[in-house]
Amino acid sequence: MAHIHLMDDKDLVNLYQKGDQRAISELVSRYKQRIYSTIYFLVRNRELAEDLFQDTFIKILTSLKNKHYSEQGKFLPWALRIAHNLVIDHFRKDKLMPLQHDSEEFSVFDVLPQKSRNAAEQMIYDEKIAHVRALLDQLPFEQREIVILRHYAGLSFKEISNMLNININTALGRMHYAILKMREMVQKQDINLRE
Amino acid sequence: MIKTTTQIDLLQYAYNESDLADSDRIQRSIDGDPLVKEAFQEIHQLTSILNDGFLEPSEKSILNILAKA
């Protein structure tokens, strides 16, 4: 048997369904950043993102245990569809109780992946990310959703259009307008995105 | 007929989602037209910085999930 880190998603799912828990640990490790980042940037609330992230994987575990996972689909788009549905469900329920977004004081950097940077590099990096968050926050939800699903979820435009039940040209169009809007904001705010 | 390179073409190219023939045409357009090159670079810069912003869930969330596996 191949080393667990080298196994593809389909084999990991099979392994988990045979009772090997190391397989789910590998899947979590493989996709935690993509799934968590997607949820976080959609809901913009850390505590809620943590809850929805856990709920997503609990649904995944239940589906895998009950053999409801179709091998025809890829694991990540399937997992992200579950995450996205949970976010949308939350927004529907939240209509009566508006979502409490993280305050300006909240530091998203507490949850950034640790990379080896010196203090000066970290400061520049943090500043760039803060600008990106500000840019994302100013996009209309439909555009922000496409940017997040393409960047953080890593889905192709075709996969995004399937997930959202929209035409691929609609997905590309929304992304295009998002890019235009972000570029405009970058110019207006004189944000330097160049390395 | 020469096909014009659109912003949507550049977007798909930036995400490696253009087919081979289109990729070749778009790259030539980027190389040959400073305005197209600038538009592509702007998309690339925005996408690069967005790609650098991945977040991690807490260790507690991971442990909760694995406890239920």
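This passage describes the fold of chain A, its interface with chain B and the salt bridges of the complex, all taken from a predicted model.

The secondary structure of chain A consists of 8 helices and 0 strands, and the order along the sequence is α-α-α-α-α-α-α-α. Of the 195 residues in chain A, 50% are buried. When contacts in chain A between residues at least 6 apart in sequence are considered, 59% of them link residues at least 24 apart. Helix 6 of chain A is mostly covered, with 9 of its 11 residues buried. The buried set in this helix includes the nonpolar residues A:Ile146, A:Val147, A:Ile148 and A:Leu149. It also includes A:Arg144, A:Glu145 and A:Arg150, which are charged, together with A:Gln143 and A:His151.

The largest nonpolar core comprises 77 residues, and A:Ile35, A:Ile39 and A:Met182 have the most contacts inside it. Helix 2 of chain A, spanning residues 22-43, gives the most to this core, namely 12 residues. Beyond its neighbours within four places in sequence, A:Met182 touches A:Leu135, A:Leu139 and A:Val147 in chain A, as well as B:Leu46 and B:Leu50 in chain B. The contacts of A:Met182 are thus found in both chains. One of these partners, A:Val147, is also one of the buried residues of helix 6 of chain A.

The interface between the two chains brings 49 residues of chain A into contact with 28 residues of chain B. The area buried between chain A and chain B is about 3,700 Å², and carbon and sulfur atoms give 66% of that area. Polar contacts across the interface amount to 15 residue pairs, with both residues at pLDDT 80 or more. On the side of chain A that touches chain B, at least two residues each are supplied by helix 2, helix 3 (46-65), helix 5 (119-137), helix 6 (141-151), helix 7 (157-164) and helix 8 (168-189). Helix 2 of chain A provides the largest share of that side, 10 residues. By residue class, the side of chain A that touches chain B contains 28 nonpolar, 10 polar and 11 charged residues. Helix 2 of chain A therefore leads in two respects, since it gives the most residues to the largest nonpolar core and the largest share of the side of chain A that touches chain B.

Specific polar pairs can be identified at this interface. Between chain A and chain B there are 3 salt bridges. In one salt bridge, B:Glu17 pairs with A:Arg150, and the closest N and O atoms are 2.9 Å apart. A:Arg150 is itself among the buried residues of helix 6 of chain A. On the chain B side, B:Glu56 is located in the loop between helix 3 (34-51) and helix 4 (59-67). The side chain of B:Glu56 makes a polar contact of 3.5 Å with that of A:Lys32 and another, of 3.0 Å, with that of A:Gln33.

Over all chains, the structure holds 14 salt bridges. Side chains of opposite charge can pair when their charged atoms come close. In helix 2 of chain A, A:Arg30 and A:Glu26 lie 4 residues apart, about one turn of the helix, and their side chains form a salt bridge with an N to O distance of 3.1 Å. An α-helix has 3.6 residues a turn, so residues three or four places apart point the same way. Within this pair, A:Arg30 is partly exposed at 26% relative accessible area, whereas A:Glu26 is buried at 10%.

Helix 4 of chain A (residues 75-93) contains a pair with a spacing of 3 residues, A:Arg92 and A:Asp89, separated by about one helical turn. The closest N and O atoms of their salt bridge are 3.6 Å apart. A:Arg92 is exposed, with 57% relative accessibility, and A:Asp89 is partly exposed, with 33%.

In chain B, helix 2 (residues 20-32) holds B:Arg28 and B:Asp24, which are 4 residues apart, about one turn of the helix. This pair forms a salt bridge whose closest N and O atoms are 2.4 Å apart. B:Arg28 counts as exposed at 57% relative accessibility, while B:Asp24 is partly exposed at 39%. Salt bridges with shared partners also connect A:Asp9, A:Glu26 and A:Arg30 in one network.

Notes. Residues numbered from 1 in each chain as written. Chains lettered and ligands numbered in written order. Predicted model: local features only at pLDDT ≥ 70, side-chain atom pairs only at ≥ 80, totals over all residues. Heavy atoms only, no water. Core = buried A, V, L, I, M, F, W, Y, C linked by side-chain atoms within 4.5 Å. Buried < 20%, exposed > 50% of the residue type's maximum accessible area, 1.4 Å probe, protein only. Contact = heavy atoms within 4.5 Å. Buried area = accessible area lost by both parts, 1.4 Å probe. Salt bridge = Lys/Arg side-chain N within 4 Å of Asp/Glu carboxyl O. Polar contact = N/O pair within 3.5 Å; in protein donor to acceptor, adjacent residues only side chain to side chain.
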